[in-house]
Amino acid sequence: MSNTGSWHYLDLRVSDESNERVLDVCWTMGAIGIHEDYPTEGTYRVFFPGSADLEALCQKIESECLSESFTLIGSDLIEDPGWRTAWHKFFKPSLLGDRFIVLPSWEQCSEPDRIPLLIDPGQAFGTG
């Protein structure tokens with residue numbers, strides 16, 4: 001998803017015969033992500049940048065697609081809760097042997113008798 005700080009979403013119920021056409025129009029209109037079967041089977045949550053005009057998007061989708069092929073069941077704006085750093089709370093210092101402490105770069109060493117090993121975790125750090 002884009003890093004715009006906020007995103008709009010449209011929740012659409014789409015018939016099987018029309019889903020390719022409706023979703024193609026969404027992508028053409030600037031969708032940045034689509035969650036299939038959300039919240040139930042046969043529905044889609046389509047995300048757009050926060051700067052998008054939802055009313056214009058809905059009108060365009062309706063004009064490009066058969067109105068009976070989909071139903072708008074909801075829409076809203078999602079504000080970014082700070083995803084970029086929210087995961088930091090899960091990385092805490094770990095004692096290693098008798099002398100070391102492994103900690104992420106944003107944590108302070110709370111063990112003065114231990115040698116800190118600073119690690120700046122990236123996407124693959126500790127993900128298995």
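**A colleague's note on a two-sheet predicted model**

1. Of the 128 residues of the protein chain, 27% count as buried (buried means under 20% relative accessible area, exposed over 50%, partly exposed in between, with a 1.4 Å probe and protein chains only). Please keep in mind that this is a predicted model, where local features need pLDDT of at least 70, side-chain atom pairs count only at pLDDT 80 or more, and totals for chains, interfaces and linings use all residues. Residues are numbered from 1 along each chain as its sequence is written, and side-chain values use heavy atoms, with hydrogens and water left out.

2. Let me start with the overall layout. The protein chain has 3 helices and 7 strands (DSSP runs numbered from the N terminus, helices being H or I with at least four residues and strands E with at least two). Read from the N terminus, the order of elements is β-α-β-β-α-β-α-β-β-β. Among contacts between residues at least 6 apart in sequence, 51% join residues at least 24 apart (contact means heavy atoms within 4.5 Å).

3. Now the four-stranded sheet. Its strands are ordered 2-3-1-4 in an open, antiparallel arrangement (two strands pair if DSSP finds at least two bridges between them). Strand 2 and strand 4 stand at the edges with a single partner strand each, so one side of each has no neighbour in the sheet. From one strand to the next, the twist averages 20° (axes are lines fitted to C-alpha atoms, for helices over the stretch in contact, and angles run from 0 to 180 degrees between N-to-C directions).

4. Within this sheet, strand 1 and strand 3 run antiparallel and are joined by 7 bridges, with Leu10 partnered by Val46 of strand 3. Strand 2 (residues 33–36) is also antiparallel to strand 3, through 4 bridges, and here Glu36 has Tyr44 as its bridge partner. Strand 2 and strand 3 make a hairpin with 6 residues between them, and Asp37 in the turn has a positive phi of about 55°.

5. Which strands does helix 1 lie across? Helix 1 lies across strand 1, strand 2, strand 3 and strand 4, at about 10° to strand 3. Helix 2 packs on the sheet as well, touching strand 1, strand 3 and strand 4, and its direction makes about 30° with that of strand 1.

6. Helix 2 (residues 54–64) deserves a closer look. Its buried residues are Leu54, Leu57, Cys58 and Ile61. These cover an arc of only 95° around the axis, which puts them on the same side of helix 2 (the arc is that of the directions from the helix axis to the C-beta atoms). The face turned away from that buried side carries the exposed residues Glu55 and Ser63. Covering the buried residues are elements including strand 1 (6–14), helix 1 (19–28), strand 3 (43–49) and strand 4 (70–79).

7. The N-terminal end of helix 2 is capped by Asp53, with a side-chain oxygen 3.2 Å from the backbone nitrogen of Glu55. Just ahead of helix 1, in the loop that follows strand 1, sits Ser18. Ser18 is buried at 12% relative accessible area, and its side chain makes a polar contact with that of Ser15 at 3.0 Å (a polar contact is a pair of N or O atoms within 3.5 Å; within protein, one must be able to donate a hydrogen and the other to accept it, and residues adjacent in sequence count only if both atoms are side-chain atoms). Asn19, in helix 1, is buried too, at 19%; leaving out residues up to four places away in sequence, Asn19 touches Val14 and Tyr44.

8. How many disulfides does the structure hold? There are 0 disulfides (a disulfide is a pair of cysteine sulfur atoms within 2.5 Å). For Cys58, the nearest cysteine sulfur is that of Cys26, 8.9 Å away. The sulfur of Cys65 is 7.3 Å from its closest cysteine sulfur, also in Cys26, and that is too far for a bond. Cys58 has 18% relative accessibility and counts as buried, as does Cys65 at 8%.

9. Finally, the second sheet. Here 3 strands form an open sheet in the order 5-6-7 with mixed pairing. Strand 5 (94–96) and strand 7 (115–119) are the edge strands, each pairing on one side only, and the twist averages 30° from one strand to the next. Strand 5 and strand 6 (residues 100–104) pair in the antiparallel sense over 3 bridges, where Ser94 is partnered by Val102 of strand 6.
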